Amino acid sequence: MKRKSILLISMVLLCSVASMAQKFALVDMEYILKNIPAYEMTNEQLSQLSKKWQNEIEAIQQEAQNMYKTYQSDLVFLSAEMKTKREEEIVKKEQQAQELKRKYFGADGELYKKRESLMKPIQDEIYNAVKEIAADKGYQMVVDRASAGSVIFASPKIDISNEVLMKLGYSK
């Protein structure tokens with residue numbers, strides 16, 4: 001009788017633990033983003049803008065280099081006052097290039113702001129789709145495979161990336 005009671009209690013505990021098991025899912029954000037045309041267009045737009053700004057900065061840097069070469073060749077003919085004036089102009093041009101670089105590519109620069117404004121709607125749409133799928137299927141946690149460096153292996157059965165794409169209207 002004692003044995004049956006222990007067995008019965010063990011079975012009840014196992015069933016209760018199994019019913020409390022949490023469900024997990026994976027998504028691969030890189031895969032999802034590669035399959036969204038708006039993301040690719042946004043990346044191309046940002047790349048073109050970046051190249052344009054980089055060319056603008058390089059043109060100013062080249063101008064500063066040309067000014068310095070001219071200064072070097074004219075050095076023997078310049079008075080002390082003219083030397084100082086030219087040096088200040090060269091430094092000012094180099095500072096202008098550095099300032100533009102900070103303005104466009106700095107931590108809170110124009111490229112960052114543009115990327116944020118263009119990518120946020122796409123990321124929000126993906127987040128909402130993942131959230132809906134998680135709520136519908138009862139997932140307690142959804143992990144991004146692309147950014148979770150500590151995930152060594154995960155069964156493809158729990159990857160919901162294609163479901164997310166279908167929810168967004170991009171069938172795979």
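**Entry 1: the end of α6**

I began at G169, which comes just after α6 and takes a positive phi of about 95 degrees. I note here that I am working from a predicted model, and I keep that in mind for each entry below.

I then went back into the helix itself, residues 161-168, and looked up which of its residues are buried: they are S161, V164, L165 and L168. Looking down the axis of α6, I found that these buried residues fall within an arc of 100 degrees, so they line one face of the helix. I next asked what the buried residues of α6 pack against, and I listed β1 (24-27), α2 (29-34) and α5 (110-137) as their partners.

**Entry 2: α5 against α6**

Since α5 is among those partners, I looked up the geometry of this pair, and I recorded a packing angle of about 115 degrees with the axes 9 Å apart. Angles of 65 to 115 degrees count as roughly perpendicular, and α5 and α6 are therefore roughly perpendicular to each other. For the handedness, I noted that α5 passes α6 in a right-handed crossing.

On the α5 side I listed E125, I126, A129, V130, E132, I133, D136 and K137, and these meet E163, V164, K167 and L168 in α6. Sorting the contact of α5 with α6 by class gave 6 nonpolar residues, 6 charged residues and no polar ones. Two of the names on the α6 side, V164 and L168, were already in my notes as buried residues of that helix.

**Entry 3: α3 against α5**

Which way do α3 and α5 run relative to each other, roughly parallel or roughly antiparallel? Their axes come within 10 Å and cross at roughly 170 degrees, and the two helices are therefore roughly antiparallel to each other. From α3 the contact takes A38, Y39, T42, N43, Q45, L46, L49, S50 and W53, while from α5 it takes E110, L111, K114, R115, L118, M119 and I122. By class I entered 9 nonpolar, 4 polar and 3 charged residues for the contact of α3 with α5.

**Entry 4: α3 against α4**

I turned next to the pairing of α3, residues 37-74, with α4, residues 80-105, where the helices pack at an angle of about 165 degrees and the axes lie 10 Å apart. That angle makes α3 roughly antiparallel to α4. I also wrote down that α3 passes α4 in a left-handed crossing. The residues of this contact of α3 with α4 divide into 12 nonpolar, 6 polar and 10 charged.

**Entry 5: a single residue, T70**

I picked out T70, which is found in helix α3, and asked whether T70 is buried or partly exposed. With a relative accessible area of 38%, T70 is partly exposed. I then checked T70 against R86, which is 16 residues away along the chain, and the separation of their C-alpha atoms came to 9.6 Å.

**Entry 6: the whole chain**

To place these entries, I looked up the overall make-up of the protein chain and found 6 helices and 2 strands. Read along the sequence, these elements follow the pattern α-β-α-α-α-α-β-α. Of the 172 residues of the chain, 23% count as buried. As a last item I looked at contacts between residues at least 6 apart in sequence, and among these 77% join residues at least 24 apart.

How values were computed: Residues numbered from 1 in each chain as written. Predicted model: local features only at pLDDT ≥ 70, side-chain atom pairs only at ≥ 80, totals over all residues. Heavy atoms only, no water. Buried < 20%, exposed > 50% of the residue type's maximum accessible area, 1.4 Å probe, protein only. Helix = DSSP H or I, 4+ residues; strand = E, 2+ residues; numbered from the N terminus. Arc of directions from axis to C-beta. Contact = heavy atoms within 4.5 Å. Axes fitted to C-alpha atoms, helices over the stretch in contact; angles between N-to-C directions. Parallel < 35°, antiparallel > 145°, perpendicular 65-115°, else oblique. Left-handed = near helix turned anticlockwise from the far one by under 90°. Nonpolar A, V, L, I, M, F, W, Y, C, P; charged D, E, K, R; others polar.
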